[in-house]
Amino acid sequence: MKLGDIMNLDFIESSFRPALRRRIDLLETLHKEATNCYRLFHGTNEGLAGLTIDRYGSYMLVQTWRETIDVSLLPILTDTVRSELGLTLTPVWNHRGKRGEVEYGLHKLELPFSVDGSEMGLSYEVNPRHQGVDPLLFLDFRAGRRHVRKMASGKSVLNLFSYTCGMGVVAADAGAREVVNVDFSKTALQIGETNAFKNSCTESFVTIHEDAIPIMRQYASLGVSGRRAKRTFKKVNSREFDLVILDPPRYAQSQFGLVDTVGDYQSLFKPALLCTRSGGQMLVTNNVASVSRDHFRELLERCAAKAERPIRSLDFLDLEGDFPSPDGQWPLKMAWIEVA
């Protein structure tokens, strides 16, 4: 049976409405802290894989992966949200194609150029339709941003694979003395700079438009040599940071090396570790469901020992309640590390 058929039969009453009711207390807490971006339905663990429904400000973003839905279902979803939560949201449906592309033509909707959302009182650009594939603010990473907000005051912060700099904005707003955001996407960094401006935290906030690999290797005094040095890259001096955030994509090909968080996470973790000062902290992520927390911990500890920069402590951050998991094994692993 297709996704659309399942939803039209009983999805609203059997899955969606109960999911909304389970979130009532959580959303009350989030609203009090000025957060209006969160997950309303997490399909994998709430009854229908291949579907997520998120709130981004005044919009409800419906995303599908495997099968499409009947567009006539969208007003039914919004009516259900209105009746259960008292929220009036404009629905947007994006279908994620097999090649990682987003199909917008299935549901044509004129959107303003800029769409604002808020999280913990900070304002972000969250337009559900833009040049890229992924949403501009990853909602499951909220728990990480919340922790960084508590820890970043007075620190120098390196935000690797920063995307739209959500972590960097949180750190700067929390009083970090310096935040360096590194990403290969100029568009993503421009959105990050806009977010920093919106939140009046540009003084300590800088961006580096470059592949993260040569930047962190230079900071770590590893250098960029051989085949990697064939392309001109931005030069930086070696240095250490108080807090390093390493949030790589699952897989990406780069002129400076392969980003492979399943087969070769060590080539990313080692240079990030080496540009973290002794006694500093790291927030290191892996978003591959097949990689368990235990395996990820073992990998990080083994790599740190081999690099002669042992880990003093490693704790995992749990996702928040809008991302339910029956076994506590979320696809997103967030390891908070104290470096010896």
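Let me begin with Arg55, which lies in strand 2, residues 51-56. Please bear in mind throughout that this is a predicted model. Is Arg55 buried or exposed? At 11% relative accessibility, Arg55 counts as buried, because the cut-off for that class is under 20%. Leaving aside neighbours within four places in sequence, Arg55 is in contact with His31, Asn36, Cys37, Tyr38, Leu40, Leu87, Leu89 and Leu139. One further distance concerns this residue: the C-alpha atoms of Arg55 and Val126 are separated by 10.0 Å, and the two residues are 71 apart along the chain.

A second strand residue may be set beside it. Val182 is found in strand 9, residues 178-183, and is buried, with a relative accessible area of 0%. Which residues does Val182 touch, once its neighbours within four places in sequence are left aside? The contacts are Leu158, Asn159, Leu160, Phe161, Ser162, Ile208, Glu210, Asp211, Ala212 and Ile215. As for Leu85, 97 residues from Val182 along the chain, the C-alpha atoms of these two residues are separated by 38 Å.

I turn now to helix 6 and its surroundings, starting with the loop that precedes this helix. Tyr163 lies in the loop between strand 8, residues 156-160, and helix 6. The place of Cys165 is in that loop between strand 8 and helix 6 as well. Most residues other than glycine have a negative phi. Tyr163, however, has a positive phi of about 55 degrees although it is not a glycine, and Cys165, also not a glycine, has a positive phi of about 70 degrees. As to accessibility, Tyr163 is partly exposed, with a relative accessible area of 22%, whereas Cys165 is buried, at 0%.

Helix 6 itself spans residues 166-173, and 7 of its 8 residues are buried, so the helix is largely enclosed by the rest of the structure. Which residues of helix 6 are the buried ones? They are Gly166, Met167, Gly168, Val169, Val170, Ala171 and Ala172. Just after the helix, Gly175 takes a positive phi of about 105 degrees.

What, then, packs against helix 6? Two packed helices are described by the angle between their axes and the distance between the axes. Helix 5, residues 142-151, packs with helix 6 at an angle of about 25 degrees, and their axes are 8 Å apart. Because an angle under 35 degrees falls in that class, helix 5 is roughly parallel to helix 6. The crossing of the two is right-handed. From helix 5, Gly144, Arg145, Val148 and Arg149 meet Gly166, Met167, Val170, Ala171 and Asp173 in helix 6. Among these partners in helix 6, Gly166, Met167, Val170 and Ala171 belong to the buried residues named a moment ago.

A second helix pair offers a contrast in orientation. Helix 8 and helix 9, the latter comprising residues 266-274, pack at an angle of about 40 degrees, with axes 7 Å apart. These two helices are therefore oblique to each other, and their crossing is left-handed. Where do they meet? Ile213, Met216 and Arg217 in helix 8 are in contact with Leu268, Pro271 and Ala272 in helix 9.

Helix 8 also leads us to the aromatic residues. How many aromatic pairs does a search of the whole structure find? The search finds 7. One of them is formed by Tyr219 and Phe241, an edge-to-face pair at 5.1 Å centre to centre, with 70 degrees between the planes. This pair links distant parts of the chain: Tyr219 is in helix 8, residues 212-219, and Phe241 is in strand 11, residues 241-246, 22 residues apart. Both partners are buried, Tyr219 with a relative accessible area of 7% and Phe241 with 0%.

Phe241 has a further partner, since the charged end of Arg239 sits over its ring, 3.9 Å from the centre. A similar arrangement concerns Phe233: Lys235 lies over the face of that ring, at 4.2 Å from the ring centre. Elsewhere, Phe11, Phe16 and Phe41 form one aromatic cluster.

To close, I would return to two points. Helix 6 is largely enclosed by the rest of the structure, with 7 of its 8 residues buried. Tyr219 of helix 8 and Phe241 of strand 11 form a pair linking distant parts of the chain.

Methods: Residues numbered from 1 in each chain as written. Predicted model: local features only at pLDDT ≥ 70, side-chain atom pairs only at ≥ 80, totals over all residues. Heavy atoms only, no water. Buried < 20%, exposed > 50% of the residue type's maximum accessible area, 1.4 Å probe, protein only. Helix = DSSP H or I, 4+ residues; strand = E, 2+ residues; numbered from the N terminus. Phe/Tyr/Trp six-rings, centres within 6.5 Å; stacked < 30°, edge-to-face > 60°. Lys NZ or Arg CZ within 6 Å of the ring centre and 35° of its normal. Axes fitted to C-alpha atoms, helices over the stretch in contact; angles between N-to-C directions. Parallel < 35°, antiparallel > 145°, perpendicular 65-115°, else oblique. Left-handed = near helix turned anticlockwise from the far one by under 90°. Contact = heavy atoms within 4.5 Å.
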